[in-house]
Amino acid sequence: MTTHNPRQWKADPFCYLTTTGRTTGVPHTIEIWFALDPGDATRLAMMAGGGRQSDWVRNLQKEPDVTLKLGPLLFPATARIVAPDEPDDALIRRLLVEKYRSPSQPLDTWGRTALPVLFTLRPATAKPVE
């Protein structure tokens, strides 16, 4: 089995997150901003501007096993919402704001209020996507 390091896609502007629909059980895929943890390539972070009301967050609360598409590869992962008192909260906010802010889009409010979600990529099971 070939292993793939997700770091090669860290500069990509987005990834694709596939959750399982909480009522239908049908896979649901969205394009979304992300950042990789610089200290651990198996950890990927996102933030939900709609908080716990975001469909993708509601889906992963029911079923935390998800799939992340980075570049041409699929990574199975497990998601968890990060609590405000965890050290990962500040890390996730900093990583995403630093990656996506611009002079025209400082992301100050989003960086403070969005819900941080951390994904743990499963080891070495990525498969090429056609």
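Two strands are taken to pair if DSSP finds at least two bridges between them. In this predicted model, strand β1 (15–20) meets that description with two partners, β2 (27–32) and β5 (65–70). Towards β2, the strands run antiparallel and are joined by six bridges. Within this ladder, T18 of β1 has T29 of β2 as its bridge partner. The two strands form a hairpin with six residues between them, and G25 in the turn adopts a positive phi of about 75°. Towards β5, the pairing is again antiparallel and extends over three bridges; here the bridge partner of Y16 is K69. The faces of β1 are distinct: C15, L17 and T19 lie on the covered face, whereas Y16, T18 and T20 lie on the uncovered one.

Helix α1 spans residues 55–62, and its buried residues are W56, V57, N59 and L60. Seen down the helix axis, these residues fall within an arc of 160°, so they line one face of α1. The elements that cover them include β1 and β2, together with β4 (43–48), β5, β6 (73–81) and β7 (115–121). Both strands of the hairpin thus appear among the elements that cover the buried residues of this helix.

Aromatic contacts were examined next. A search of the whole structure finds four aromatic pairs. One of them involves F14 and Y16, whose ring centres lie 5.6 Å apart with the planes at 85°; the pair is therefore edge-to-face. F14 is partly exposed, with a relative accessible area of 31%, and Y16 is likewise partly exposed, at 29%. A further edge-to-face pair is formed by W33 and W110, with 5.4 Å from centre to centre and 90° between the planes. This pair links distant parts of the chain, since W33 belongs to the loop between β2 and β3 (35–36) and W110 to helix α3 (residues 108–113), 77 residues apart.

The two tryptophans fall on either side of the limit for burial, which is set at under 20% relative accessible area. W110 has a relative accessible area of 19% and is therefore buried, whereas W33, at 30%, counts as partly exposed. Ring pairs also bring in Y100, so that W33, Y100 and W110 are linked into a cluster. A contact of another kind involves K99 and F34: the charged end of K99 sits over the ring of F34, 3.7 Å from the ring centre.

Terms used:
Residues numbered from 1 in each chain as written. Predicted model: local features only at pLDDT ≥ 70, side-chain atom pairs only at ≥ 80, totals over all residues. Heavy atoms only, no water. Buried < 20%, exposed > 50% of the residue type's maximum accessible area, 1.4 Å probe, protein only. Helix = DSSP H or I, 4+ residues; strand = E, 2+ residues; numbered from the N terminus. Arc of directions from axis to C-beta. Contact = heavy atoms within 4.5 Å. Phe/Tyr/Trp six-rings, centres within 6.5 Å; stacked < 30°, edge-to-face > 60°. Lys NZ or Arg CZ within 6 Å of the ring centre and 35° of its normal.
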